[in-house]
Amino acid sequence: MPKAKPIVLVTGASGYVGLAVVKAFLDSNNYAVCGTVRDPTNEAKVAPLKALPNQASLTLFKADLLDSAETWDAAVSDCAYVVHTASPFVLSPKDVQRDLLDPAIKGTEAVLSAIARNGKVEKTVVTSSIGAIMCDKWDVPEHGYVYSEKDWNTAASAMYNPYIYSKVMAERRAWEIAKEANFDLCCVNPGFVMGPPLSKTSSTSLTFMADLIQGKFSSGAVDDRQCVVDVRDVAKAHVLAIEKGVPGKRYLCAHGSRVGINYVQMGAHVEKAYPSLAKKLPHRNFGKPIMYLVGKLAAGISPYKIYMNFGLDFNYDVSLIEQDLGMEWTSLDDTFGEMAKKMEELGMCKLE
């Protein structure tokens, strides 16, 4: 009789990243996956999960980040591994505490406390963010500084970059609980996640890509540089972190180019795959005075935030994840070209 596959619990299984993580574990054929979703009867949300390969190795579990301890104890009960991807991604919350901080921090507490009570989970991986490592000029010690896992974002707060602050505080809480309960934990800290989605889920990444393709930045763009990573690489990193990750380590997960890219550069990758979109894509960066004006009028971004974030080189080091996990990176041409193609197939944009 074949040996039963170890079970990995993936929280937030229907999200942009969570769905890719579930697929990566199923594709390996080495694990059974228990994926948490808020409502297993919501066919629009769970249909992409049910369309994944190796369905015999997938079960769905009803759970929300702020559910009771009993719910999370039941979710964790038979699992050898836990991957906690679930976290709210709201850039403009109406209520920072309710919409961001409570779900992110208390949700992390709920999941990791259940792991602590269980005592049998062999390894846990928490999806954090590059935002927990870097933020803006406040965090830059010197020109050309190279960020790595040793860095922590010290600039974000509940008032300034609250989403990033929620990731900082949730990751710090995860490390505290793991230390108190003495269980094995790794964190994966992805950059700006792009790449082909597996569903029409709500995502800031997908909204941004649709805006880019449909001409929102055709007259020019603010010089906002992002440390991009392919969603498929993020998913692969979670599997490898379970298999090879060193307990107690953070893994900065962004493309091997080691430098942030702006909207013009992202558009260039799209244009390589779809030259017909050239007129809709940005080909110049605005200067600072225009950035201040456009940012304030078009996106409600304060001049202070523009000064602190835009036009900066964000250099980063991914040596650790390459050495420990053996990470290799999808080309940015493939990330953006295949993302555009998949979004059109899903009816999320038109490539014309």
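The exercises below, each with a worked solution, concern a predicted model.

**Exercise 1. The nonpolar cores**

Determine how many residues the largest nonpolar core has, which of them have the most contacts inside it, and what Ile321 touches.

*Solution.* Begin with the extent of the core, which has 82 residues. Next, look for the residues with the most contacts inside this core, and you arrive at Val22, Phe25, Met209, Met266, Ile321 and Phe336. Taking Ile321 from that group and leaving aside residues up to four places away in sequence, one finds that Ile321 touches Ala237, Tyr251, Leu252, Cys253, Gly326, Met327 and Trp329. Apart from the largest core lies another core, of 22 residues, among them Ala63, Ala75, Leu112 and Ala178. As general background, nonpolar side chains in soluble globular proteins tend to be buried together.

**Exercise 2. The second largest pocket**

Describe the second largest pocket by its volume, the residues nearest its centre, the helices that supply its lining, and the classes of the lining residues.

*Solution.* The volume comes to about 270 Å³. The lining consists of 16 residues, and those lying nearest the centre of the pocket are Ala20, Ala24, Asp27, Arg232 and Ala235. Turning to secondary structure, both α1 (16–28) and α7 (231–244) supply at least two residues of this lining, and the largest share, seven residues, comes from α7. Sorted by class, the lining of the second largest pocket holds nine nonpolar residues, one polar residue and six charged residues.

**Exercise 3. The cavity**

State how many cavities of 30 Å³ or more the structure holds, and then characterise the lining of the largest cavity.

*Solution.* The structure holds one cavity of 30 Å³ or more, and the volume of the largest cavity is about 70 Å³. Its lining is made up of His84, Ala86, Ser87, Ala104, Thr108, Val126, Thr127, Ser128, Lys167, Ala170 and Glu171. To place this lining among the secondary structure elements, note that α4 (96–118), β5 (123–127) and α5 (162–181) each supply at least two residues, with the largest share, three residues, coming from α5. The final step is to divide the lining of the largest cavity by class, which gives four nonpolar, five polar and two charged residues.

**Exercise 4. Salt bridges**

Work out which parts of the chain the salt bridge between Glu322 and Arg258 ties together, and set beside this pair the salt bridges of Arg225 with Asp223 and of Glu180 with Arg173.

*Solution.* A search of the whole structure finds 19 salt bridges. In the pair formed by Glu322 and Arg258, the closest N and O atoms are 2.7 Å apart. Because Glu322 lies in helix α11 (residues 319–325) and Arg258 in the loop between β10 (250–253) and α8 (263–273), the pair ties together parts that are 64 residues apart in sequence. Glu322 counts as partly exposed, at 24% relative accessibility, and Arg258 is likewise partly exposed, with a relative accessible area of 27%.

The next pair is Arg225 and Asp223, whose closest N and O atoms are 2.6 Å apart, and both of these residues are buried. In the salt bridge between Glu180 and Arg173, the closest N and O atoms are 4.0 Å apart, and Glu180 is exposed, with a relative accessible area of 61%. Finally, salt bridges that share partners join Glu109, Arg173, Glu176 and Glu180 into one network.

**Exercise 5. Two loop residues**

Locate Gln226 and Ser157 in the chain, classify each as buried, partly exposed or exposed, and list what each touches.

*Solution.* Gln226 is found in the loop between α6 (204–213) and β9 (228–230). Since its relative accessibility is 24%, Gln226 counts as partly exposed, the bounds of that class being 20% and 50%. Not counting residues up to four places away in sequence, Gln226 touches Phe192, Gly260, Ile261 and Met266. Between the C-alpha atoms of Gln226 and Val83, which are 143 residues apart along the chain, the separation is 25 Å.

Ser157 lies in the loop between β6 (146–147) and α5, and with a relative accessible area of 26% Ser157 is partly exposed. With residues up to four places away in sequence again left out, Ser157 touches Pro162 and Tyr165. The C-alpha atoms of Ser157 and Gly267, 110 residues apart along the chain, are separated by 31 Å.

Conventions:
Residues numbered from 1 in each chain as written. Predicted model: local features only at pLDDT ≥ 70, side-chain atom pairs only at ≥ 80, totals over all residues. Heavy atoms only, no water. 1 Å grid on protein atoms, 1.4 Å probe; cavity = no way out; pocket = protein on both sides within 12 Å on 5 of 7 lines; lining within 4 Å. Points joined across faces, edges and corners; volume = space filled by probe spheres on them. Helix = DSSP H or I, 4+ residues; strand = E, 2+ residues; numbered from the N terminus. Nonpolar A, V, L, I, M, F, W, Y, C, P; charged D, E, K, R; others polar. Core = buried A, V, L, I, M, F, W, Y, C linked by side-chain atoms within 4.5 Å. Buried < 20%, exposed > 50% of the residue type's maximum accessible area, 1.4 Å probe, protein only. Contact = heavy atoms within 4.5 Å. Salt bridge = Lys/Arg side-chain N within 4 Å of Asp/Glu carboxyl O.
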